[in-house]
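This report describes a single protein chain from its overall architecture down to selected side chains. The sequence and the structure are shown first.

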Amino acid sequence: MIRKGCERPLTISLLDLERPEALENAIQEISRRMHKGIRIVSDLNEAYKAAKRRHDVAKAQAYVDYDGPQAEKKQVSELAVVELRVEMDEAKVKLDYAQDLARTLHKELSALQSLNSNVREMYRSERGFGS
């Protein structure tokens, strides 16, 4: 499930590549999404850390509480927290996805900014304002 604000990266039509206003709009949209993404990544990071703490505490408690042989404590404590491990892993997958999307948006923003600079330069040179 994709969280609101975690949409896929924006793409601009090849027909719009030479329209400065289309590029500017795409840059603004990506910037807006990146700004929203900061809060989303932060929230998902907090959720992951909370799930990890619950897992670690429950595992340690199961280890301490087990009265059987020392050799079995680790296995018993691992089995006692399987559901918490799944919860922690799911939180990590969501966090990783949001971070990957943020990196992708950053790369797309950089590419559009470079393209925008080239288009502006092209317009300047066509109008006799260049060099």
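The description below moves from the fold to the helices, and then to charged and buried residues.

**Overall architecture**

The model is a predicted one. The protein chain contains three helices and zero strands, and its elements run α-α-α from the N terminus on. Of its 131 residues, 23% count as buried. Among contacts in the protein chain with a separation of 6 or more, 73% are accounted for by residues 24 or more positions apart.

One pair illustrates how distant parts of the chain come together. R120 and P20 are 100 residues apart along the chain, yet their C-alpha atoms are separated by 7.1 Å. R120 has its place in helix 3, which covers residues 82-126. With a relative accessible area of 37%, R120 is partly exposed.

**Helix 1 and helix 3**

Helix 1 comprises 46 residues, from 20 to 65. At 1.5 Å a residue, helix 1 should span 68 Å, and the 66 Å between its end C-alpha atoms agrees with this. Helix 1 nevertheless carries a kink of about 25°, centred on G37.

The same reasoning applies to helix 3. Its 45 residues should span 66 Å at 1.5 Å a residue, and its end C-alpha atoms are 66 Å apart, in agreement.

Which residues of helix 3 are buried? They are M88, A91, L95, A98, L101, L105, E108, L109, L112, N116 and V119. The cover over these buried residues includes helix 1. An α-helix has 3.6 residues a turn, so residues three or four places apart point the same way.

N116, in helix 3, gives a detailed view of this packing. Its relative accessible area is 3%, so N116 is buried, the cut-off being under 20%. Leaving aside residues up to four places away in sequence, N116 touches P20, L23, E24 and I27.

**Salt bridges**

How many salt bridges does a search of the whole structure find? The search finds seven. Side chains of opposite charge can pair when their charged atoms come close. Three of the pairs are set out here.

| Salt bridge | Closest N to O distance |
|---|---|
| E29 and R32 | 2.4 Å |
| D43 and R39 | 2.7 Å |
| K59 and E78 | 2.4 Å |

The pair K59 and E78 joins two helices: K59 lies in helix 1 and E78 in helix 2 (residues 70-80), so this salt bridge ties together parts that are 19 residues apart in sequence. K59 is partly exposed, with a relative accessible area of 23%, and E78 is likewise partly exposed, at 28%.

The other two pairs lie within helix 1. E29 and R32 are three residues apart there, about one turn of the helix. E29 has a relative accessible area of 26% and is partly exposed; R32 is partly exposed at 37%. D43 and R39 are four residues apart in helix 1, and therefore about one helical turn separates them. A relative accessible area of 25% makes D43 partly exposed.

**A buried lysine without a salt bridge**

K73 has its place in helix 2. Although buried, K73 has no salt bridge. What is the nearest side chain of opposite charge to K73, and how far away is it? It is D67, at 6.2 Å. A salt bridge requires a side-chain nitrogen within 4 Å of a carboxyl oxygen, so a separation of 6.2 Å does not qualify.

The side chain of K73 instead has backbone oxygens beside its polar atoms. A polar atom of this side chain lies 2.9 Å from the backbone oxygen of Y63. The backbone oxygen of Y66 lies 3.0 Å from a polar atom of the K73 side chain. Apart from residues up to four places away in sequence, K73 touches Y63, V64 and Y66.

**Summary**

The predicted model is built from three helices without strands. Helix 1 is kinked at about 25° around G37 and forms part of the cover over the buried residues of helix 3. Helix 1 is tied to helix 2 through the salt bridge between K59 and E78. K73, by contrast, is buried and has no salt bridge.

Key: Residues are numbered from 1 along each chain as its sequence is written. This is a predicted model: local features need pLDDT of at least 70, side-chain atom pairs count only at pLDDT 80 or more; totals for chains, interfaces and linings use all residues. Side-chain values use heavy atoms; hydrogens and water are left out. The expected span of a helix is 1.5 Å times one less than its number of residues. The bend at a residue is the angle between axes fitted to the seven residues ending there and the seven starting there. Buried means under 20% relative accessible area, exposed over 50%, partly exposed in between (1.4 Å probe, protein chains only). Lys and Arg count as positive and Asp and Glu as negative; His and the chain ends are not counted. A polar contact is a pair of N or O atoms within 3.5 Å; within protein, one must be able to donate a hydrogen and the other to accept it, and residues adjacent in sequence count only if both atoms are side-chain atoms. Contact means heavy atoms within 4.5 Å.
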